[in-house]
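Here are some exercises to work through with the sequence and the model side by side. Try each task on your own before reading its solution.

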Amino acid sequence: MNGTTTAAMISVATGHLAKAGLDTAAVLAVIVLVTGVILLIWGAAALVRAMPGWWRLLAVPVALALLWFVLVPLTVAVHITNRPSGPLGRATPAVYGLSYREVAFRTADGVRLSAWYIPPRNGAAVMLLPGAGSARTAVLGQAAVLARHGYGTLLVDTRGHGRSGGHAMDFGWWGGRDIAAAVSFLARKPGVRPGKIAVVGESMGGEQGLAAIGGDPRIGAVVAEGATGQQLADHGWQPPGIEGALTHGMEWVMFTAAGLISGAPRPVSIPDSIRGAAPRPVLIIAGAAKADEPIAARWFQAASAATVHVWVVPHAGHTQGLATTPRAWETHVISFLNAALHPVAPAAPRAAGRNG
């Protein structure tokens, strides 16, 4: 029980310190954390001393098993379900010379989501989703590229992030509800033609898009960068054998605990969603410098080889495709979206500024 408390306090303390500073929750978490660690060490030492003879030899494997299958997964589970939203920052689309609107809409379960909206000039619109722990400011560069080619963009703070309401669940399990609400918002906007809506997501945002496309026929295409999976069913790309079995066991505890803590509905697996979306296309972008990303991308591609395209960006880290090779990123993404959505020729760009 003390191990569970320690795991929780590590998560809460690090999450609040990283994103919200030294607030009351962080201070209390640090106090409980220090106390928990001291008691944990004292209790373990007392238990080993109380064991007779050779039974003490079991202390090490038992301790390692508890660490791997209890402390580590519970630490992660509590951490990703108890992160504060953090500040949005001062940057806006105006930094890139883009005219935009501050908008908000509600999900089916009543959560208010905040976003920036840039109207389209080519009849098509793209929802931009940032990664876990990030707000819409993290995808401003991508928005600038899309807007340059006439695409409307909706830069969304997913729930529990930026200025949006709700509680974060950084495995992205609320993505289906958030994306459905954002698609409904875009579908009602003048200038967005039916069937001309796509999702471009980074890391968690890309995984949310991949999991959503199979169940929402209004999404015409998805671009997912840095996606490796939201749940155990998405991790069939992991190595077999003892290493795979140990990882599988730890992740089962982690995902199960996160679902119970957050109350979030477990999404459909990404391979099942990709198969259900066919013939609508998917582009998965992987960073070559992250060993697991190309492997996961190829495994996802196997779900529907005819509709899933993979681009491995040389020398790129996690979600660093645009930063590493901006021209190549623009070429790959725009060519893919043009082929998927068939937008009309874009009108002249609007002047920069904020409207409403």
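## Exercise 1: An unusual peptide bond

Pro279 sits in the loop that runs between helix 8 and strand 7 (282-287). Keep in mind that you are looking at a predicted model.

**Task.** Find out which residue is joined to Pro279 by a cis peptide bond, and what omega is.

**Solution.**
1. Start from the loop between helix 8 and strand 7, where Pro279 lies.
2. The cis peptide bond joins Ala278 and Pro279, with omega at about 15 degrees.
3. For background, most peptide bonds are trans.

## Exercise 2: Positive phi

**Task.** Say where Ser203 and Thr319 lie, and give the phi of Ser203 and of Thr319.

**Solution.**
1. Ser203 belongs to the loop between strand 5 (197-202) and helix 6 (204-213). Its phi is positive, about 55 degrees, although Ser203 is not a glycine.
2. Ser203 has a relative accessible area of 16%, so Ser203 is buried, the cut-off being under 20%.
3. Thr319 is in the loop between strand 8 (308-313) and helix 10 (321-324). Here phi is near 55 degrees, again a positive value in a residue other than glycine.
4. As a reminder, most residues other than glycine have a negative phi.

## Exercise 3: Aromatic pairs

**Task.** Describe how the rings of Tyr100 and Trp116, and those of Tyr117 and Phe185, are arranged.

**Solution.**
1. How many aromatic pairs does the structure hold? There are 6 of them.
2. Tyr100 and Trp116 are one pair, with ring centres 6.0 Å apart and 75 degrees between the planes. An angle over 60 degrees counts as edge-to-face, and this pair is edge-to-face.
3. The pair links distant parts of the chain, as Tyr100 is in strand 1 (residues 99-106) and Trp116 in strand 2 (residues 112-118), 16 residues apart.
4. Tyr100 is buried at 5% relative accessibility, and Trp116 is buried at 2%.
5. Tyr117 and Phe185 are also edge-to-face, at 5.7 Å centre to centre and 85 degrees between the planes. Because Tyr117 lies in strand 2 and Phe185 in helix 5, this pair ties together parts that are 68 residues apart in sequence.
6. Tyr117 is buried, with a relative accessible area of 1%, and Phe185 is buried with 8%.
7. Phe105 joins Tyr117 and Phe185 in a cluster linked by ring pairs.
8. Return to Trp116 for one more partner: Arg136 lies over its face, 4.5 Å from the ring centre.

## Exercise 4: Inside the core

**Task.** Identify the residues with the most contacts inside the largest nonpolar core, then list neighbours of Leu154.

**Solution.**
1. The largest nonpolar core has 40 residues, and Phe105, Met127 and Leu154 have the most contacts inside it.
2. Which helix gives the most to this core? Helix 5 does, with 6 residues.
3. Leave out residues up to four places away in sequence, and Leu154 still touches several residues, including Phe105, Trp116, Tyr117, Met127 and Phe185.

## Exercise 5: Salt bridges

**Task.** For Arg177, Arg148 and Arg275, name the acidic partner of each.

**Solution.**
1. The whole structure has 9 salt bridges.
2. Arg177 pairs with Asp109, with the closest N and O atoms 3.2 Å apart. Arg177 is in helix 5 and Asp109 in the loop between strand 1 and strand 2, 68 residues apart.
3. Arg177 is partly exposed at 35% relative accessible area, and Asp109 is partly exposed at 34%.
4. Arg148 pairs with Glu330, the closest N and O atoms being 3.1 Å apart. Arg148 lies in helix 4 (residues 140-148) and Glu330 in helix 11 (residues 326-341), so the bridge ties together parts that are 182 residues apart in sequence. Glu330 is buried at 18% relative accessibility.
5. Arg275 meets Asp272 at 2.5 Å, N to O. Both residues lie in helix 8 (residues 270-277), 3 residues apart, about one turn of the helix.
6. Arg275 is partly exposed at 43%, and Asp272 is partly exposed at 40%.
7. To finish, look for the network: salt bridges with shared partners join Glu102, Arg136, Asp157 and Arg163.

Methods. Residues numbered from 1 in each chain as written. Predicted model: local features only at pLDDT ≥ 70, side-chain atom pairs only at ≥ 80, totals over all residues. Heavy atoms only, no water. Phe/Tyr/Trp six-rings, centres within 6.5 Å; stacked < 30°, edge-to-face > 60°. Helix = DSSP H or I, 4+ residues; strand = E, 2+ residues; numbered from the N terminus. Buried < 20%, exposed > 50% of the residue type's maximum accessible area, 1.4 Å probe, protein only. Lys NZ or Arg CZ within 6 Å of the ring centre and 35° of its normal. Core = buried A, V, L, I, M, F, W, Y, C linked by side-chain atoms within 4.5 Å. Contact = heavy atoms within 4.5 Å. Salt bridge = Lys/Arg side-chain N within 4 Å of Asp/Glu carboxyl O.
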